[in-house]
Amino acid sequence: MKGLTRFFISLVSGVIALALSACTSSPPPAETSTAAAAPAGTASPGGRVTAGWTVTEGVATPESVYVDTASGSIFVSIIDGQPGDRDGNGRIMKLAPDGTVVSASWITGLNAPKGLRSHNGTLWTADIDEVIGIDIANSAVDFHPGRDGAQFLNDVAVGDDGTVYVSDMLASKIYAVADGKATVFGEGDAMEYPNGLLVEGNRLIVGGWGKPEADFSTKVPGHLFALDLKTKAKTLITPKPLGNIDGVESDGRGGYIVTDFPGGKLIHVTGAGESRTLREYMAGAADLAFVPVGNIAIVPHMMENRIAAYDISDALK
């Protein structure tokens, strides 16, 4: 993935001027506190998700955060390297709802895991060209080879029937994986080089990145749009291009919370397509989790090697 490596070099030199491997900036003291790793057997995954914490220990290039309501755990995909490298460094981290590190290496031996989503006790993630299912209860890993020609599988979403939808940002495709087989759900420029995905009823909500240049910048950024799961018809949610969209989550009110990765922006989009920036961070705000109860956004700051949970109630007013 030479192009992807160039992308990260460009972001580091031209946007934040920090080395990817050395970024350790902390969030504002008033909003976060550091959560330490707990001794084995003392951290409970149960309870309500809280805000005001940050985790840096054991965090290396975090890409996605997901709150699994069934188990009460927070899972984080850790790339620990370049997002296209087959280096075996990738892993899944497990946190308690208060940010306590239950296991920094809950699942190991992956390459560059990205999007996360669970369904019926299975946690799904995309790893370059593979779709991986993890049994949450017993930590068993099941590899499902991706479609031939997959270039950069990114986010995942799961339908009520268990179909796993996977975005391939570089190929501008979306795959549907069912019964261990992958088929193309959508492809071409109309998919807007998709990144973030979310299944919402009978629709797949898609965050477009926009057609990337050699350095992954875009002349025209992506829209937030919807695809009908049956007809595949496309409907724009934002009438104008919104940004280089990464994470997409429901706000619990008919709208969405999304991140713009290079802009470091946390953006609210209403169901009517109106948008406004809620918060701005450094570049690298990746695939977030959002908990409507408490208005808690958990953001993986990919370029800074940290995960932070924010109460954004004031910004959503």
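Me: Two strands count as a pair if DSSP finds at least two bridges between them. What makes strands S15 and S16 a pair in this predicted model?

Reply: Strand S15 (residues 203-208) and strand S16 (residues 224-228) are joined by five bridges. The definition asks for at least two, so S15 and S16 pair. The two strands run antiparallel, and one place to look is Gly 207, which stands opposite Leu 224 in S16.

Me: Which sheet do S15 and S16 belong to?

Reply: They sit in an open sheet of four strands, in the order S14-S15-S16-S17, with antiparallel pairing.

Me: Why are S14 and S17 called edge strands?

Reply: Each of them pairs on one side only. From one strand to the next, the twist averages 25 degrees.

Me: What holds the strands of a sheet together?

Reply: Strands of a sheet pair through backbone hydrogen bonds, and the pairing can be parallel or antiparallel.

Me: Let's turn to salt bridges. Why is the contact of Arg 117 with Glu 249 called a salt bridge?

Reply: The closest N and O atoms of Arg 117 and Glu 249 are 3.1 Å apart. The cut-off is within 4 Å, so this pair qualifies as a salt bridge. Arg 117 lies in strand S6 (residues 113-119) and Glu 249 in strand S18 (residues 245-250), so the pair ties together parts that are 132 residues apart in sequence.

Me: How do you know whether Arg 117 and Glu 249 are buried or exposed?

Reply: Buried means under 20% relative accessible area. Arg 117 has 11% and therefore counts as buried. Glu 249 has 10%, so it is buried too.

Me: What makes Lys 234 and Glu 192 a salt bridge?

Reply: Their closest N and O atoms are 2.8 Å apart. Lys 234 lies in strand S17 (residues 234-236), while Glu 192 is in the loop between strand S13 (181-187) and strand S14 (194-200), so this pair links parts 42 residues apart in sequence. The distance falls within 4 Å, so the name salt bridge fits.

Me: Why is Lys 234 described differently from Glu 192 when it comes to burial?

Reply: Lys 234 has 35% relative accessibility, which falls between the 20% and 50% limits, so Lys 234 is partly exposed. Glu 192 has 11%, under 20%, so it counts as buried.

Me: What is special about phi in Glu 192?

Reply: Phi of Glu 192 is positive, about 60 degrees, although Glu 192 is not a glycine. Most residues other than glycine have a negative phi, which is why such a value is worth pointing out. Another example is Asn 295, with a phi near 50 degrees. Asn 295 lies in the loop between S22 and strand S23 (296-301) and is buried, at 11%.

Me: How many salt bridges are there in the structure?

Reply: Seven. One of them joins Arg 203 to Glu 200, with the closest N and O atoms 3.0 Å apart. Arg 203, at 27%, is partly exposed, and so is Glu 200, at 25%.

Me: Now strand S7. How do you know that S7 is enclosed by the rest of the structure?

Reply: Five of the six residues of S7 (residues 122-127) are buried, so the strand is largely enclosed by the rest of the structure.

Me: What makes S7 a partner of both S6 and S8?

Reply: Five bridges join S6 to S7, and six join S7 to strand S8 (residues 130-135). Each count meets the requirement of at least two, so S7 pairs with both strands. Both pairings are antiparallel. Arg 117, which you met in a salt bridge, stands opposite Trp 124 in S7, and Thr 122 has Asp 135 in S8 as its bridge partner.

Me: Which turn residues in these hairpins have a positive phi?

Reply: In the hairpin of S6 and S7, with two residues between the strands, Asn 120 has a positive phi near 50 degrees. S7 and S8 also form a hairpin with two residues between them, and there Ile 128 has a positive phi of about 65 degrees.

Me: Where is Asn 111, and what does it touch?

Reply: Asn 111 lies in the loop between strand S5 (101-110) and S6. Leaving aside neighbours within four places in sequence, its contacts include Ile 79, Asp 127 and Ile 128. At 16% relative accessibility, under the 20% limit, Asn 111 counts as buried.

Conventions. Residues numbered from 1 in each chain as written. Predicted model: local features only at pLDDT ≥ 70, side-chain atom pairs only at ≥ 80, totals over all residues. Heavy atoms only, no water. Salt bridge = Lys/Arg side-chain N within 4 Å of Asp/Glu carboxyl O. Buried < 20%, exposed > 50% of the residue type's maximum accessible area, 1.4 Å probe, protein only. Axes fitted to C-alpha atoms, helices over the stretch in contact; angles between N-to-C directions. Contact = heavy atoms within 4.5 Å.
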